[in-house]
Structure formats: structure tokens, C-alpha cells
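This report is meant to be read beside the sequence and the model, and it moves from the parts of one chain to a pair of helices and then to the meeting of two chains.

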Amino acid sequence: MDPVWQGLANVLTPHYLLLMAVGVAVGSVVGALPGFTATMGLTVLLPFTFVMDPTSALVLMGALYGAAAFGDAVPACLIATPGTPAAVATAMEGHRLTRKGKAPQALLTALVASALGQFTGGLSLLLLAAPLAALSLRFGPPEVFWVGVFGLTIMASLTGKSLLKGIAGAALGLLLSTVGVARTEGWVRYAFGLPQLQGGVELVVALIGFFTVPEVLRMVEQRRTEQYVAEYRPQPGALWEVLRETLTRPLLLLKASLVGIIVGIVPGTGGPIAALVAYNEVLRSSKNPEVGKGSIEGLIAPELANNSVAPAAMIPTLTLGIPGSAPAAVILASLLLHGVKPGRELFAGSHAAMTYTFIWSTFVSGFVLFAVGLLMVRLLVLVIRIPVHALAPVVLSLAVVGAFAVRNNVFDVGMMVGFGVLAYVLRKCGFETGPVVLGLLLGPIVEPALITSLTLAQARGSWLEVFVLRPFSALFIALSVWSLVRGLRGWKLAQQVEAAGEA
Amino acid sequence: MGAGREVRMNASVVGGLLLLAVAGVAFWGAHGGTPAVWLFPRLAAGVVAVAGLLLTEEGLRRPDRVVLWRSWREGLEVLGFALAAAVYAAALAWLGFWFATALMLAGAAHSLQPRRQPGRLVFWLVVGLALGLGFDALFVGVFGVPLPGGALWGGAPWRPWLP
């Protein structure tokens, strides 16, 4: 059978439907928990996916990622606190709708729009991933090197306020990836006499350290913030009202989907940017006076765009190995840990059935999200009341289990705590952890590509020919320069705005 | 340094110096073998060093006094929690996952709750023990993760019954 249809047949079996339901349930709770993000949920889950086959691991993680993008709407609507940064627009529009006594409509709009976002994002993944992966077949070591450089520069320029800090973060990640035995020769680097470091920095340990521990410390910091929880009482007919309001606006659905898909494909961006762009667009273009003051229409756009991002972010992840968002980076890590490399091989080789099962699952999990979400709304309303002083130590203990489980090594737990404290300090200094983690992920790909390209250049006697005068190398060099120039302009603009504010 | 005073720092200078320290260690540690061994780490260290220099210079020229914590109390609580996490990690092998987790959960939840109530410590200890043993049973029994049983006890109380 063709792997595309094999994937669809697989995903409709009870095994994968059940995995999606579990992923959606856990993801919804993860999104709703105060201070908990999809990335944190995925990093804590990651070590336990080792016991699964790679397809099941991907399906579970994909469902969790998408559902967390819905779950974050619950605290956003009920306590005006975004469960994740992607729910900032939802916190504005959704909470205003809640204050009008329409909490059920707000949560159901988030659910319906999120499910629709999964469909459209999943469709983009299905249609665009394979052709893009076919291009990667033409990539030799120099192209792979420049793709890696582009991934790092675009991530550095789009995350955080400072381009310089983004670049430094990416270089820090690359440095961390060089710890342990060198890939090209058996020389040990940066082990400092510790045998535990000879095997290198374990990816999962670093991911948990960089993504989860600083969030736990942030929970401790912000736990005194008093929150008013809006009352939630189910209203008969609310679901039909939401479905009518949503499905009669095809142009809005199309625009929000396109925003989510485009932002999702661009590496290093993700849900927060997509949701805000889509929300701005609906504020600008809608003739409805209620938009911006608490309306279903105003809530559809950010929620739909946010969920379209989740599958769309997998397009560069699966085809080029450059994650479109932080949660996609964790899913990429899962792939790599299962010994599966991104690129053409995923779509044509022995892994094709796995890839298409995952791709179809992002689409089908839209239905699962709608069904499970309807059953879970009342539970999620209770989840947001869990006090942070109880949640933070529980998350820490789960992080410890995750870090230990990779190599059954207590040293890794200490390393995770160390990375967490480092990430916390870096964040306080204005660094984002995304570029660091991407550097760590891309280091093992970029370094051998650079060394092989240099050997090639030496053999041919021309650096220019190997590094620059190849069409795809030239394209990715141009894209890297563009991303740096773009980042530099944004940085200068931000400095001017800051200076004007100070004046 | 009152309890309610904001704690600020020059983030560019602190970040820049941190980068310079990392770059120094990276340059010092990347040696031996052919260029294939040290070229890539030295390139990355070079980028880190240049970024560190530029950031430090920028921070000295235009100090950016960012808020580190809203008060010293908040800062001490965060540092205390980070220290507790480090002690928890160090004590795992000796106390075992279940007991270290119980102590960490009870201690952290009790000290972080908004209003301290002495009687609540017993409650958090019970919750901590239940969760510590529950997680141990789940991860050891179901997922097969060989979590440290603790040199002090030789395992969690339920483990002798593990098939």
C-alpha cells in the first residue's frame, strides 16, 4: 500500500486513536496548568517515549502539543492569565467575553477553533512536507552546513529582543554539543576528567534543564500573584451558538489558518507570534463592533492560528531538521533519540509509513481534541485552581525522573539542575533558551558537515566552489544574511523605541 | 536592601561577562588532535567571545538596570528553591527517590504556601509521602525506570513485593 494511505489506515486503528486521546487529555491539562507549557509537558514526557516505538511516540507527542495549545485558553479566559505565551490574545478577548457572563462560549470557541486549527495545520503538513523533503535529497555536506547556519540565524533573530544574545545563545548551544568524544576522531573534549561527560551532554537532560527547570523557578517567583477565577456554569445551546458563529465565517478561518501555517513554517517563531498576528488582523479587518471587547469572532482568530502552528511547525522539522517551534524541537529530539534522521528518508524510505501516520494523526487529532475537549472542559476549570506551591515541587520531581530515566544516572539529574539554573540566569540576562537548545540539536549535524566540506574544499583546491557556488548553498547563505539583517533592524528599532521611552 | 525593594542588575554586563568566561573555558579546553577536533568548538567559542565583548561594552556604555526580582525575599525564595533542587538531586542515591521526593515536596510546598500554617506541615508530609511512593510505584513498577531505592533503606517499602 502507498505509505500515505498506509498512514491513514494506521491512524484510524484503536491503538493510535487511544494514544491520541491520552495525548489530548494530558496536553489539555498541561496547557491549563498555571505556568506549564507544551514544551515542558513534552520534555517531561520524552524519556517515557523511549519504551514506545517511534510512531507511537510521535503520535502521542503531536497530540499533546496540539491539545496544550487549546488547554492554555482555559486560564486565559477564566483568570485572564495566559496558560502559555501563545494565549496572550486569548486572555484579552476571551476574558472580556467571560466577563460578559459567557464563559462557556469562550471556552467552547477556543475548543472549536483549536480543533479547526489542527485540521488546517495538519492539511498543510500533508501537502507541503513531502515536496520540501524531496528538495533535501540534493543537499550535500555544504548545503547541510548552511541549512544549519540558517536555522540558527533565523532562530537568533526572531526570538528575544537582542540579535546579539540570540547569536550568542546559539553558539553556546553549539559549544555544549561538542562536549564528549569528538565525532570525527576519538578525542575527548570538555570532559574535565569526569567519565560521565565523555558520552557528551544527553539531549533530554539538557532539554528538561533548559525548558522545565527555569519555568519551575519562575512559578516560585510569581506564585504570590493573586488571581480572580471567573465563575463557569454550562449554558444550554452555547455549543450551537459557537459552531454557528465559527462555521459561517470562512474568510476569517482561512486568514487565521494561513497566518498560523506561515508562522509555523518559519523556524523559531511559533504560537505566540501567530496568535497575535491573527488577532491584530481580525481587529483591523472586522466590522463587528464587539471584536476587541469580548467576542466569539475575535477569539476564533488567535486560537485557530495558534493551533495551525503546531502541525505546520513540523514541516521544517521533518524535512530540514530545523524545528519550527520549541515543542517541535522536543519532538525532533524524540525522533533523533529513536535513531531517525529528518529529511527525504522520512518520506520515501523505510520510515515513510511512520511519517504519514504521524502526519495524519495531527489532522485526526483535531476530531479527538473536539470530542475529548468537550468532556474535559469542567475538569480543566478545576485544574487551573491547583496552587503553584504544590505544583512546582511536583513538576520538579517529574523532571528528575525524566532526567534520570535516560541513562539511569544520578549525575544526569545534577546536570539537569545545573542547566536549569544556567537557563534561569541566562533568561534574567535577556537570553532566550530556544537558540541554545537549537544549537545543541544542530551541533551534531553542522559540525561533521563543516569538517567534510572543508576536506572537500581542500581536495578540490577551491573554497568558493564548495561553500558558495552551489545553488542551494547560495540560497541558504542569502537567507542567513537576510535573517541577520532583519534581526539587526528589529534590534535597532527596539533600541530607538526604548530610548524614546526613556526620554 | 529592604524586603520590598526591587533587585536590579546590569543584565548586559552580567550576561557579557558570563559569555566571556564560557568562551575562555571553551578556548582553553579545545586542543589536541587535528583541526577537525578543535576547529568547530573554537569557532563557536569565538562567536561567544565576540558577543560577550560587545554586550559588556554596550552594558557599560548604556547600563540596562533590569529587574532581577521584585524583592530580596522573592530572590531568596528562588535561590532557596534552586538550592533545594540541587540538594534533592544529590540526596537521591542515598535517601532513595521516594523518600527524597517526599521530603522535597513537603518542604517546598510548606515553605512556598502564601500563608505559613504550622499544622500544615504534617499535611504536606503525608501528601509528600503519598506522592513519593505513588511516583516510585508508577515509574519503577509500570515504566520500569530503576529509580534509586536509597542506600539507607535498600528500596521503597513496596518494592519487596515487586515481581
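In chain B the domain assignment, whose bounds come from an automatic or database source, gives the two domains listed here.

| Domain of chain B | Residues |
|---|---|
| domain 1 | 7-69 |
| domain 2 | 78-161 |

The C-alpha centres of domain 1 and domain 2 of chain B lie 37 Å apart. This is a predicted model, in which local features need pLDDT of at least 70 and side-chain atom pairs count only at pLDDT 80 or more, while totals for chains, interfaces and linings use all residues. Residues are numbered from 1 along each chain as its sequence is written, and chains are lettered from A in the order in which they are written.

In chain A, the axes of helix α4 (residues 54-71) and helix α16 (residues 326-337) come within 10 Å and cross at roughly 170 degrees; axes are lines fitted to C-alpha atoms over the stretch in contact, with angles from 0 to 180 degrees between N-to-C directions, and helices are DSSP runs (H or I) of at least four residues, numbered from the N terminus. α4(A) is therefore roughly antiparallel to α16(A), a term for angles over 145 degrees.

Chain A places 46 residues in contact with 52 residues of chain B, where contact requires C-beta atoms, placed from the backbone, to lie within 7 Å. On the side of chain A that touches chain B, the largest share, eleven residues, comes from α19(A).

Methods. Helix = DSSP H or I, 4+ residues; strand = E, 2+ residues; numbered from the N terminus. Parallel < 35°, antiparallel > 145°, perpendicular 65-115°, else oblique. Contact = placed C-beta atoms within 7 Å.
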